[in-house]
Amino acid sequence: MSTKITITEAPPGEEGPGFFATSLDHVVGLARKNSIWPLPFATSCCGIEFMSTMASHYDLARFGSERMSFTPRQADLLMVMGTIAKKMGPVLRQVYEQMAEPRWVIAVGACASSGGIFDTYSVLQGIDRIIPVDVYVPGCPPRPEQIIDGVMRIQDLIGKESVRRRNSDEYKHLMEQYMIK
Amino acid sequence: MNSSSIPYDYLPIIIQFLVALGFVVLVLVGTHLLGPKASGKRHDASFECGLDSIGNARNPFSVKYFMTAILFVLFDVEVIFLYPWAVNFKKLGMFGYIEIIIFLSFLMAGFYYVIRKGVLNWQQRESQE
Amino acid sequence: MKTNLEFLADIHNPETSNIPYSTLNLGPTHPATHGIFQNVLKMDGEKIISGEQTIGYIHRAFEKIAERRPLYQITPLTDRLNYCSAPINNTGWYLTTEKLLGLKVPKRVDYMRVMVMELARIADHIICNSILGVDTGALTGFTYVYQYREKIYEIYEEICGARLTTFMGRIGGFERDFSPKVFALTKQLLIDFPPVWREFESLLSRNRIFMDRTINTGAISVDRALNYGFTGPNLRATGIDYDIRTAEPYCSYEDFKFDVPVGTTGDTYDRFVVRNEEIWQSLSIIEQAMKKIEEMGPGVYHADNDHYYLPPKQEVYKNMEALIYHFKIVMGEIDAPVGEVYQAVEGANGELGYYLISDGGRSPYRLHFRRPCFIYYQAYPEMVQGQYLSDAIVVMSSLNVIAGELDA
Amino acid sequence: MEGITNHEIQEFLQNNLGESILSVEESFGMLAVEVHINHIYKVVSYLYKDETMKFQFLTDLCGVHYPDSTNRELGVVYHLQSMTLNRRLKLKVFVPVEKPEVPTITGIYGSANWMERETFDFFGIRFLGHPNLKRILNMDEMVDFPMRKEFPLEDPTRDDKADFQFGR
């Protein structure tokens with residue numbers, strides 16, 4: 001077993017005997033980061049690799065994502081895994097819009113990121129055409145380690161995100177681009 | 001002087017109560033202020049596995065659901081009545097035992113009526129198509 | 001004024017009671033559908049009156065892509081048909097092309113292919129049966145047994161480097177010989193897996209709750225199953241012992257001794273038990289295949305056909321023909337002979353057939369995949385009629401419908 | 001394997017259904033029989049009911065498009081199978097592309113329902129008498145038939161592979 005274990009360092013803040021003070025963003029970010037509830041939008045082969053990620057060998061639950069929520073209501077992270085056909089586009093968009101803010105999206109696999117090897121008339125060439133995506137995980141299908149790496153990238157994003165980002169006009173502009181009210 | 005009516009003896013309990021109440025209020029108000037809001041026509045629509053829901057959800061549903069629920073409440077409350085008896089059934093002795101037997105027999109009669117009436121099983125209405 | 005009795009009587013005959021049927025949408029994104037297809041169920045309270053399906057939510061036009069690719073580039077498509085058991089699809093495609101080319105594959109390659117296919121069958125049945133357990137509430141079975149699918153992934157990685165969509169082997173054999181680690185890992189699997197699987201079976205097979213949930217739910221009779229084109233474990237659960245490995249032995253399956261498990265009533269419990277028994281048969285086939293390969297010792301692992309099998313790299317540097325063949329194969333300039341071939345393979349959930357029409361060009365003129373779950377999933381509304389909603393979930397999970405194969 | 005040989009099937013077809021058989025050839029151990037369009041239902045049901053042949057299992061049904069064979073452009077291929085006698089048979093029917101109509105066999109085989117819908121979805125061959133003939137795999141709003149040879153494969157909205165990217 002490798003003895004190099006990195007302990008995540010505490011966010012910057014004042015240290016004193018018996019207390020620790022830091023900015024609200026960091027505290028809220030720390031809390032959100034380690035309790036992401038994923039919505040596994042698993043459509044095909046990447047879904048089976050996600051089952052390996054959730055199973056006991058790779059165990060995504062170590063990262064705080066124990067509970068998979070199949071409804072968009074109690075989901076923070078939409079993991080789109082597998083090919084999204086054009087027939088599936090409106091369904092994916094509806095599920096994304098019904099998620100509660102703050103919400104993040106991972107496009108797992110080549111098909112979700114860019115249509116992958118299926119450049120055909122019936123496949124949506126990448127889900128960023130219909131919903132904003134935060135992290136792309138390459139691979140066809142990506143190994144469970146890659147999916148976990150994608151979740152860790154999302155955790156970094158969430159840790160550093162400011163509490164006011166969803167009200168900022170830059171985020172509103174992004175939403176207008178996707179016509180999401 | 002151990003008159004127990006001086007109010008300050010209850011101070012810890014009041015503080016404890018306030019802390020609990022304060023926590024609840026703080027969390028509710030804090031998340032309401034901190035958390036971003038997303039609302040919109042499609043966001044507030046009911047989740048229908050990704051599709052738009054058709055028709056409204058308020059049309060009448062089979063009475064069997066209601067029957068099952070009410071009967072559950074009834075027999076659950078009956079079990080609650082058993083708790084005080086169960087706690088000191090040794091002290092109550094034979095008197096308590098007979099009382100419970102009478103109480104239970106009334107409810108069992110009701111249960112027998114429900115079973116014979118066939119309210120609980122769904123089988124009766126065979127599918128027509 | 002209605003007496004109490006008449007009021008209750010009204011409930012039980014629909015003509016008088018004006019309660020409409022409620023419709024429930026078991027929609028595309030639903031945890032119970034293990035894939036994305038939609039069932040709109042018309043229900044009277046809890047009982048299902050009728051169902052109507054919509055599929056095609058990940059239709060990726062495999063057959064259109066296949067018309068533009070040289071033969072060996074179609075294997076990645078076949079991986080993604082039934083992605084729970086990709087090696088079976090790959091080998092089925094190689095058998096089709098070898099039949100078209102009239103390529104004679106050495107015995108040793110056949111045994112290696114049989115070993116790989118049976119591993120894939122075990123992996124697929126592990127997923128199907130453990131998810132059936134999850135759907136009836138037994139989550140521990142899944143997390144416990146899924147570990148052995150990881151072990152099978154390790155064997156795949158040792159053979160071809162990929163875990164799930166394997167692209168295993170080549171037209172005419174394998175890319176390289178099985179390394180001793182493959183045999184070591186497989187032997188280890190044959191030692192570790194049986195007790196675990198026996199424990200999993202004992203967890204569910206005689207479990208009161210599981211039996212109540214699955215016995216005579218979604219039963220289908222023999223002639224209805226045949227009429228709906230059932231093949232594979234679902235057909236064998238109804239009592240017919242049709243298995244392509246015995247009916248039309250391919251890949252020298254006739255040298256192996258195994259029997260075909262058969263159910264009686266064709267309900268969910270029978271499908272579960274037939275798949276369990278098939279795992280035991282596959283384990284014994286793997287054992288026989290390993291013994292046969294070891295007796296033959298290290299030897300040839302591919303048929304020598306220059307037009308379709310890449311020459312070894314050292315040869316390509318040295319002599320001219322190997323370089324030309326290497327170039328032509330990689331650029332896909334080899335023309336396939338004219339002809340029409342239908343080759344069926346016993347996939348994990350049914351007869352997986354490849355109907356290949358070649359007009360002499362480099363890519364097939366028309367390639368049609370006979371996808372078993374596309375064909376037998378039509379029977380789902382009829383199997384579920386009159387049952388409860390909870391039975392509908394269990395029936396769908398026991399049918400092992402894979403979305404990739406459904407909407408190829 | 002025991003059971004009937006291709007030769008016996010050929011004979012049986014000649015003397016029982018002679019007039020509706022246009023041509024018979026054998027490839028890779030399986031007979032391919034071309035059937036006249038108006039007799040397809042008769043042939044399939046005859047084979048289904050017949051005791052000696054017992055072709056009672058529809059393995060597969062798919063469409064084929066031959067754009068350059070005049071008024072035989074669209075074909076439908078039926079794979080039948082007799083499980084008891086372990087023998088396979090392939091029936092073919094060809095229709096012109098202007099009038100792509102083939103009688104449905106869902107009456108005999110329930111499994112033909114979706115396969116015919118898929119063939120309609122891909123090739124536009126209308127199956128007369130099909131209970132619910134509409135698209136099954138593609139979007140319902142799709143107008144033309146994707147598996148025909150002239151239909152492009154690539155997704156039109158994608159421009160990263162367009163010619164101007166490569167200076168053409």
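A trainee and a mentor go through a predicted model, starting with chain C.

Trainee: How many helices and strands are there in chain C?
Mentor: Count the two kinds of element separately. Chain C has 18 helices and six strands.

Trainee: Why is chain C as compact as a globular protein of its length?
Mentor: Compare its radius of gyration with the globule rule. For 408 residues the rule gives 22 Å. Chain C is close to that, so it counts as equally compact, with a radius of gyration of 24 Å.

Trainee: What percentage of the residues of chain C count as buried?
Mentor: Buried means 20 or more other C-beta atoms within 10 Å of the residue's own. Of the 408 residues in chain C, the share is 53%.

Trainee: What should helix α7 of chain C span, and how far apart are its end C-alpha atoms?
Mentor: The helix covers residues 180-204, which is 25 residues. At 1.5 Å a residue, it should span 36 Å. The end C-alpha atoms agree with that, being apart by 36 Å.

Trainee: Where does α7(C) bend, and which proline follows?
Mentor: The bend is about 35° and sits at C:F193. Within four residues comes the proline, C:P194.

Trainee: Which helices are included in what covers the buried residues of α7(C)?
Mentor: Start with the buried residues, among them C:F193 and C:W197. Their cover includes these helices of chain C: α5, α6, α8 and α12.

Trainee: Which helix gives the most to the side of chain A that touches chain B?
Mentor: In this contact, 16 residues of chain A meet ten of chain B. On the chain A side, the top contributor gives four residues: helix α3, residues 89-97.

Note on methods
Residues numbered from 1 in each chain as written. Chains lettered and ligands numbered in written order. Predicted model: local features only at pLDDT ≥ 70, side-chain atom pairs only at ≥ 80, totals over all residues. Helix = DSSP H or I, 4+ residues; strand = E, 2+ residues; numbered from the N terminus. Expected span 1.5 Å × (residues − 1). Bend = angle between axes of the 7 residues up to and from the residue. Buried ≥ 20, exposed ≤ 12 C-beta atoms within 10 Å, placed from the backbone. Contact = placed C-beta atoms within 7 Å. Rg over C-alpha atoms; globule rule 2.2 N^0.38 Å.
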